[in-house]
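Keep the viewer open and follow the selections below in order. Each stop says what to pick and what is there.

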Amino acid sequence: MFPLTFVNPNPRLPYPSLFIAKSSLEPASSRRSRAFSSSHSYYPWTPNLRLNGFKLKSATAPENVEGGDSKSESLVKGLKLGGMFGVWYLLNIYYNIFNKQVLRVYPYPATVTAFQLGCGTLMIAIMWLLKLHPHPKFAPSQFTAIVKLAAAHTLGNLLTNVSLGRVNVSFTHTIKAMEPFFTVLFSVLLLGEWPSLWIVCSLLPIVAGVSLASFTEASFNWIGFCSAMASNVTNQTRNVLSKKFMVGKEAMDNINLFSVITIISFILLVPAAIMMDGFKLTPSQLQIATSQGMSVKEFCIMSLLAGVCLHSYQQVSYMILEMVSPVTHSVGNCVKRVVVIASSIIFFQTPVSPLNSIGTATALAGVYLYSRARRVKVKPKPKTC
């Protein structure tokens with residue numbers, strides 16, 4: 001038989017513009033199975049279509065159209081990413097302001113943290129209920145590792161609130177600029193990853209800047225200082241363990257992992273908060289807590305807004321991490337810390353001495369150098385015979 005060529009009469013249809021039939025001596029059953037697999041490899045959304053041995057050849061798209069789409073897509077992605085960074089910073093600023101105002105009149109950081117994690121748990125349930133993100137799937141063997149991450153997450157948030165209740169917001173975030181130091185430390189201890197010389201050098205101004213800021217801080221308090229430093233330890237332990245946990249075929253995406261950790265943290269912290277603070281959410285307790293010029297209504301609204309902002313900015317942070325590299329995310333986190341420190345100083349009118357400003361600036365500059373040093377790739381030494 002002679003080969004037959006058919007031209008597609010309607011070029012607007014989403015099928016190839018050329019159909020070629022070839023005669024073959026193979027059985028009809030194998031031709032049908034080959035045609036079925038061929039159709040699904042090109043068009044996975046099509047139904048079970050039998051082409052009786054026809055092969056499909058798709059037409060190529062013009063290069064100018066493809067280039068225009070890539071430019072427009074990159075522009076849209078850049079605008080979306082910039083907007084998400086802005087939302088991330090804004091939510092973080094409002095969280096620190098609302099949270100500090102609540103802790104000033106309500107000195108129960110365990111109860112405050114449990115309430116904030118409860119707000120996050122409710123928002124996660126709504127997200128899964130409305131199918132805004134797929135439900136997590138994890139094996140029972142992963143539960144132990146997730147509980148460890150949740151315990152570190154719980155301690156990190158609790159210790160941060162303890163520090164915020166004792167010292168200024170700007171000083172807490174200056175101490176938390178020590179996070180890269182503990183990241184490197186626990187990467188060596190838990191993962192066996194040794195830092196490069198550039199990374200080690202970038203840690204020096206961080207340590208020096210935090211030390212200078214601590215010595216010259218007017219609101220210095222040992223409980224606030226030690227709790228902020230301990231939150232660095234727990235948070236970076238959580239991050240390193242998360243990196244170790246996320247390696248594997250059954251690993252969850254980072255949004256679901258963060259959601260599950262938040263829910264478990266809330267379950268862990270509620271009984272601990274009752275044991276540490278007692279049940280402090282009664283009307284009489286709220287009246288005593290708001291005796292410093294804040295009404296019960298204002299206290300409840302600020303507590304709710306702080307919880308919503310905490311979970312929202314952490315969720316946006318994880319969404320940004322899916323779109324950019326960890327180094328870019330680290331640079332953005334450094335800029336975020338600068339914005340939070342500056343906004344808290346302006347809002348709360350925090351007195352800052354020149355030496356304290358130099359120490360804070362030095363520590364933040366070291367964090368930026370650390371994020372830049374992570375971009376430097378050390379070339380492997382050539383093997384000698």
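Start by selecting Glu179 and Lys176 in this predicted model. The two side chains form a salt bridge, and their closest N and O atoms are 3.7 Å apart. Both Lys176 and Glu179 are buried.

Keep Glu179 selected and add Arg337. A salt bridge joins these two side chains as well, with 3.4 Å from N to O. Colour the helices next: Glu179 belongs to helix 6, residues 179–191, while Arg337 sits in helix 12, residues 326–348. The pair therefore ties together parts of the chain that are 158 residues apart in sequence. Like Glu179, Arg337 is buried.

Now show Lys176, Glu179 and Arg337 together. Their salt bridges share partners, which puts the three residues in one network. How many salt bridges does the count come to by the distance rule used here? The count comes to two, and both have been visited: Lys176 with Glu179, and Arg337 with Glu179.

The last stop is the cysteines. Select Cys226, then Cys300. Is Cys226 buried, exposed or partly exposed? Cys226 has a relative accessibility of 42%, so it counts as partly exposed. Cys300 is also partly exposed, at a relative accessible area of 38%; the range for that class runs between the 20% limit for buried and the 50% limit for exposed. A search for disulfides across the structure returns zero.

Conventions: Residues numbered from 1 in each chain as written. Predicted model: local features only at pLDDT ≥ 70, side-chain atom pairs only at ≥ 80, totals over all residues. Heavy atoms only, no water. Salt bridge = Lys/Arg side-chain N within 4 Å of Asp/Glu carboxyl O. Buried < 20%, exposed > 50% of the residue type's maximum accessible area, 1.4 Å probe, protein only. Helix = DSSP H or I, 4+ residues; strand = E, 2+ residues; numbered from the N terminus. Disulfide = S-S within 2.5 Å.
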